[in-house]
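Student: I have a model open and want to practise reading it. Can we go through some helices and sheets together?

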Amino acid sequence: MPGNTERAPTAKAQHPARALHGALTDFIRIDDANGRFEINKRVFTDPAVFEKERALIFNKCWLYLGHESEIRNPKDFLTRNIGGRSLIFNRDRNSKVHAFENVCTHRGTSLEVRTHDNANVFTCPYHGWVFDGEGVLRDQSSPAGGYDEGFNADGRYNLMPVARLENYRGLYFVNFNPKAVDLVTYLGKSREYLDLIFDQSEDGLEVVGGSQHLVNGGNWKVLTDNLVDAYHGNILHSTYFEFLTSRTLDPKTAATFLGFGGGLGHGHNYWESTFAVGRPIAHWIPAFGEAAKPLIEAKKKELMARFGDERGERIAKTSRNMTIFPNMMIVDNVSISIRTMYPESEDRVHMNIWAMAPKNEPDLLRRVRLDNHLTFTGPAGFAHPDDYEIFERMREGNKTSTLEWQDYSKGMKAEEIEDGDRRKSRSDFLNESQQRAWWTQWDRIIAGAETLEQE
Ligand code: FES
Ligand SMILES: [Fe+2]
């Protein structure tokens with residue numbers, strides 16, 4: 001039983017027909033007849049569950065590393081902790097992009113401490129081994145010799161590349177499993193939503209310098225849940241929603257808070273809404289200022305010309321949040337941002353947020369966009385203080401209470417499900433179809449029913 005902390009997490013006997021309807025592990029309880037979907041709180045608190053996640057999720061799924069614009073010039077590099085490993089993400093002198101383990105191959109010393117820079121080589125501080133941007137060991141700082149000429153002839157002392165590195169539209173992902181399915185297959189239908197975001201600019205999107213890094217006590221899945229949880233939006237963040245609505249000067253704005261949410265297959269999820277609170281691409285509201293109006297209207301015309309009325313209008317006016325399973329999220333509403341939630345343990349998580357913008361965006365629109373970004377997600381914005389207070393309260397509640405099951409049932413009976421697969425569901429965006437789709441994939445991976453490998 002999930003309440004019994006004596007037992008390691010287990011998978012129930014696997015019945016393929018049941019797999020997509022019932023749960024495979026003891027951590028999820030599904031009652032279709034009564035429209036009930038519940039998660040046991042141990043998934044948020046138990047170190048044994050975290051160990052399973054490390055092995056089956058973070059060592060097997062495609063994990064977001066960074067955007068091409070963060071290493072835009074030859075020899076640019078950055079270091080990042082991804083799925084429990086420190087990595088160097090770099091562009092070599094010939095502009096080829098790499099991801100290496102950030103460790104010296106001599107004795108395993110952590111190699112690079114800078115978060116980002118532009119460098120010809122990476123030098124280990126211990127005995128001075130020097131690696132170039134292609135990861136090749138160039139020098140052992142041993143003028144008196146001591147090494148045979150063929151010491152590294154087979155390249156065994158070169159930096160260790162991650163097993164897989166692939167990108168989709170400039171978004172670089174790594175996978176530590178050499179047998180993993182390719183990234184495009186893994187992304188599947190979520191590409192439709194990524195395209196709605198990355199089609200906003202013909203020149204592409206770029207990360208706007210730096211990132212916000214927040215460290216929080218609590219489980220990483222509380223954060224991934226939260227970002228696609230549209231239900232809490234105008235309740236927890238009521239002040240922000242009142243502020244947003246007031247900026248439009250349109251009393252009918254609240255009536256535009258309509259939309260759908262659900263699963264895009266493989267655990268990826270989304271919500272999409274028509275809420276008309278302004279988008280730098282490409283929906284003007286009075287708060288953006290008169291000077292921004294012609295720029296935004298020109299942008300909308302351009303989108304209509306490139307994609308036709310229906311898709312052009314959808315890109316311009318609808319907003320969306322989405323997750324690439326397990327923990328990469330994109331927010332595309334009053335601004336665009338990418339975020340990741342990498343756990344350090346079952347009780348500590350690092351969230352990074354990168355503001356994105358179209359390359360070559362006019363200065364005025366860039367200012368409007370970044371002002372929107374900071375108003376909501378900045379350190380003093382409306383969102384994080386509210387959400388972080390809740391994360392802390394959930395952590396406290398889960399640690400101390402005897403409440404065992406958490407409820408994710410909202411709208412369960414109303415959702416449409418494709419191919420009998422709850423990971424491809426759709427219902428009102430204020431329901432919890434998107435979370436159920438994500439948890440169904442989590443359940444299947446933890447049970448060993450999804451290998452995420454090529455056939
Ligand atoms: S540990 Fe890096 S050079 Fe010796
Ligand atoms: Fe929130």
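Student: Which residues of helix α3 are buried?
Tutor: This is a predicted model, where local features need pLDDT of at least 70, side-chain atom pairs count only at pLDDT 80 or more, and totals for chains, interfaces and linings use all residues. Residues are numbered from 1 along each chain as its sequence is written, and chains are lettered from A and ligands numbered from 1 in the order in which they are written. Helices (H or I, at least four residues) and strands (E, at least two) are DSSP runs, numbered from the N terminus; buried means 20 or more other C-beta atoms within 10 Å of a residue's own, exposed means 12 or fewer, partly exposed is in between, and C-beta atoms are placed from the backbone. In α3 (residues 47-58), the buried ones are V49, F50, K52, E53, I57 and F58.

Student: Why do the buried residues of α3 line one face of the helix?
Tutor: Look down the axis of α3, and take the directions from that axis to the C-beta atoms. P47 and A55, on the other side, are exposed. The buried residues line one face because they fall within an arc of 160 degrees.

Student: What covers the buried residues of α3?
Tutor: Contact here means C-beta atoms, placed from the backbone, within 7 Å. The cover includes α2 (42-45), β3 (63-67), β19 (336-345) and α12 (433-446).

Student: Where is the kink in α9 centred?
Tutor: Start with the span. The expected value is 1.5 Å times one less than the number of residues. For the 25 residues of α9 (293-317) that gives 36 Å, yet the end C-alpha atoms span only 14 Å. The bend at a residue is the angle between axes fitted to the seven residues ending there and the seven starting there; the kink is about 130 degrees, centred on G308.

Student: Which helix do the buried residues of α9 pack against?
Tutor: First find them: I296, K299, L303, I315 and A316 are buried. They pack against α5 (190-198).

Student: Which strands stand at the edges of the sheet β8-β9-β10?
Tutor: Strands pair if DSSP finds at least two bridges between them. This open sheet has 3 strands with antiparallel pairing. Each edge strand has a single partner, so one side is left without a neighbour in the sheet: these are β8 (121-123) and β10 (137-139).

Student: In β21, which residue is the bridge partner of N40?
Tutor: Another open sheet of 3 strands has the order β1-β2-β21. Strand β2 (residues 36-40) and β21 run antiparallel, joined by 3 bridges. The partner of N40 is W405.

Definitions and conventions
Contact = placed C-beta atoms within 7 Å.
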